[in-house]
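Me: I'd like to go through this model with you, a bit at a time. Could you take my questions as they come?

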Amino acid sequence: MSLANGRSYLAIPGPSVIPEVVLRAMHRASPNIYEGELHDLTDSLIPDLKAMAMTDQNVAIYIGNGHAAWEAALANTVSAGDTVLVLATGRFCIGWGEIATYMGITVQTIDYGDAASIDLTQVEDALRADTGGKIKAILAVHVDTSTSVKNDIAGLRRVLDAAGHDALLMADCIASLGCDRFEMDAWGVDVMVSACQKGLMTPAGISFVWYNAKADAAHPARVSRYWDWRARTDPDQYFQYFNGTAPTHHLYGLRAALDMIKAEGLDAVFARHQTLARTVWAAFECWSVDSPLGLNIADPVNRSHAVTSVVAGSPNGDVLRRWCEHEAGLTLGIGLGRSPADAYFRIGHMGHVNAHMIMGVLGTVQAGLIALDIPHGTGALDAAARVIAAG
Ligand SMILES: *Cc1c(COP(=O)(O)O)cnc(C)c1O
């Protein structure tokens, strides 16, 4: 007998749960890629993608995962020999910096470790120290999926302005888009990257770069032919949108996902993520009493609404994850980028998730803690239920 039989649940921070309507929208014959419905559908995505980022500026779609968007954003704005400032609050911004290093870009890093958000004062000091204006761009992650920290991106704009520094502000919203509020234009972000498989609920495979006029003006003289965002945002050159064959079925899937978000309303989507995140936190605040368990980010203001990183003690993280998967059909996220990795796990609560799914995750974790004899405080499920009950 296995209690894992039945519908499995992938509760990792991306890829996220794919809604049935998205899967159904993709289940079709290949469309004509030269004209007709697919072109109209693609055109219809552009304003909705801009609305997701709260921008009136430009968006380019790439076939590729988030790593592709990272490279695209850099290829259109900086050249080999230029310097970028990486603000590391976990594995992901470091990864973006590694892509830059491979492109011959000089990377200056401020590393805030694995459990803290960006310290704006330190950024301002680094910008003021750069009297020659060597730093061409700041690379920051809105929500770092490895640590579940959320950074103050609007604060970075204030710091750039206060220091009178001209660097581009580039943000990675791959984990946060459609989960944690992000306002590209109001926050003064020049370039933003995201991908489709997290808050946008579509199978991994397409990613996006939003950019404003200032970022476009930084366009290097010799931009990569493939990554060049200009041809990809010219509505008169449909074939160039993708520099080759369109990601046909992904476009249908994304259309359905964006329709779901529009029907719910972006503010309601954010509110749902916030309440579900608070539900998870409430459970861990109880479990962590006299226990090796704890939330990775201490201050709720700096916690993501899309993912929660948990300190569990080695090897509890791995042991609990395996128990949940093999005994209950629930897959949790690994301690990505952490050392030792088996001392951590992560819960994804992004995209197509609701109250009963999150209560199911928490109830399963509770069962695992009991089965494995991992010390934990009491009252977690009651506390979680109270958050759901309050709405
Ligand atoms: C998932 C993620 C990435 C990487 O995206 P891939 O599609 O796996 O390349 C980058 N940054 C953040 C913040 C992420 O959550």
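Me: Let's start with Asn243: is it buried, partly exposed or exposed?

Reply: Asn243 counts as partly exposed, at 24% relative accessibility, where buried means under 20% relative accessible area, exposed means over 50% and partly exposed lies in between, with a 1.4 Å probe and protein chains only. Please keep in mind that this is a predicted model, in which local features need pLDDT of at least 70 and side-chain atom pairs count only at pLDDT 80 or more, while totals for chains, interfaces and linings use all residues. Residues are numbered from 1 along each chain as its sequence is written, and side-chain values use heavy atoms, with hydrogens and water left out.

Me: Where does Asn243 sit, and what is its phi?

Reply: Asn243 is in the loop between helix H9 (238-241) and helix H10 (248-264), where helices are DSSP runs of H or I with at least four residues, strands are runs of E with at least two, and both are numbered from the N terminus. The phi of Asn243 is near 55°, which is a positive value in a residue other than glycine. Most residues other than glycine have a negative phi.

Me: OK, and Asp290, what about its phi and its exposure?

Reply: Asp290 is not a glycine either, yet it has a positive phi of about 50°. Asp290 is found in the loop between helix H11 (266-287) and strand E11 (294-295), and it is exposed, with a relative accessible area of 73%.

Me: Which peptide bonds are cis?

Reply: One is the bond from Gly14 to Pro15, with omega near 0°, and another is the bond from Ser339 to Pro340, with omega near -10°. Pro15 belongs to the loop between strand E1 (9-11) and helix H1 (20-26), while Pro340 belongs to the loop between strand E13 (330-334) and strand E14 (344-348). Most peptide bonds are trans.

Me: Switching to the whole chain, how many helices and strands are there?

Reply: The protein chain has 14 helices and 14 strands. Its radius of gyration is 21 Å, close to the 21 Å that the globule rule gives for 391 residues, so the chain is as compact as a globular protein of that length; the radius is taken over C-alpha atoms, and the rule is 2.2 Å times the number of residues to the power 0.38. Along its principal axes the C-alpha trace spans about 60 × 55 × 35 Å.

Me: How much of it is buried, and what share of the contacts is long-range in sequence, say 24 or more positions apart?

Reply: Buried residues make up 58% of the 391 residues. Of the contacts with a separation of 6 or more, 72% come from residues 24 or more positions apart, a contact being heavy atoms within 4.5 Å.

Me: Back to single residues: what does His349 touch?

Reply: Leaving out residues up to four places away in sequence, His349 touches His273, Ala277, Val280, Ser304, His305, Ala306, Val307, Thr308 and Ile358. His349 lies in the loop between E14 and helix H13 (355-371) and counts as buried, at 0% relative accessibility. A polar contact of 2.7 Å joins the side chains of His349 and Thr308; such a contact is a pair of N or O atoms within 3.5 Å in which, within protein, one must be able to donate a hydrogen and the other to accept it, and residues adjacent in sequence count only if both atoms are side-chain atoms.

Me: And Thr55, which side chain does it have a polar contact with?

Reply: The side chain of Thr55 makes a polar contact of 2.6 Å with that of Asp185. Thr55 is in the loop between helix H2 (37-53) and strand E2 (58-63), and it counts as buried at 5% relative accessibility. Beyond residues up to four places away in sequence, Thr55 touches Lys50, Met184, Asp185 and Trp210.

Me: Last one, Leu139: buried or exposed?

Reply: Leu139 is buried, with a relative accessible area of 0%, and its place is in strand E5 (residues 135-141). Leu139 and Leu87 are 52 residues apart in sequence, but 6.2 Å apart in space from C-alpha to C-alpha. Among the residues that Leu139 touches are Leu74, Leu87, Cys93, Trp96 and Met170.
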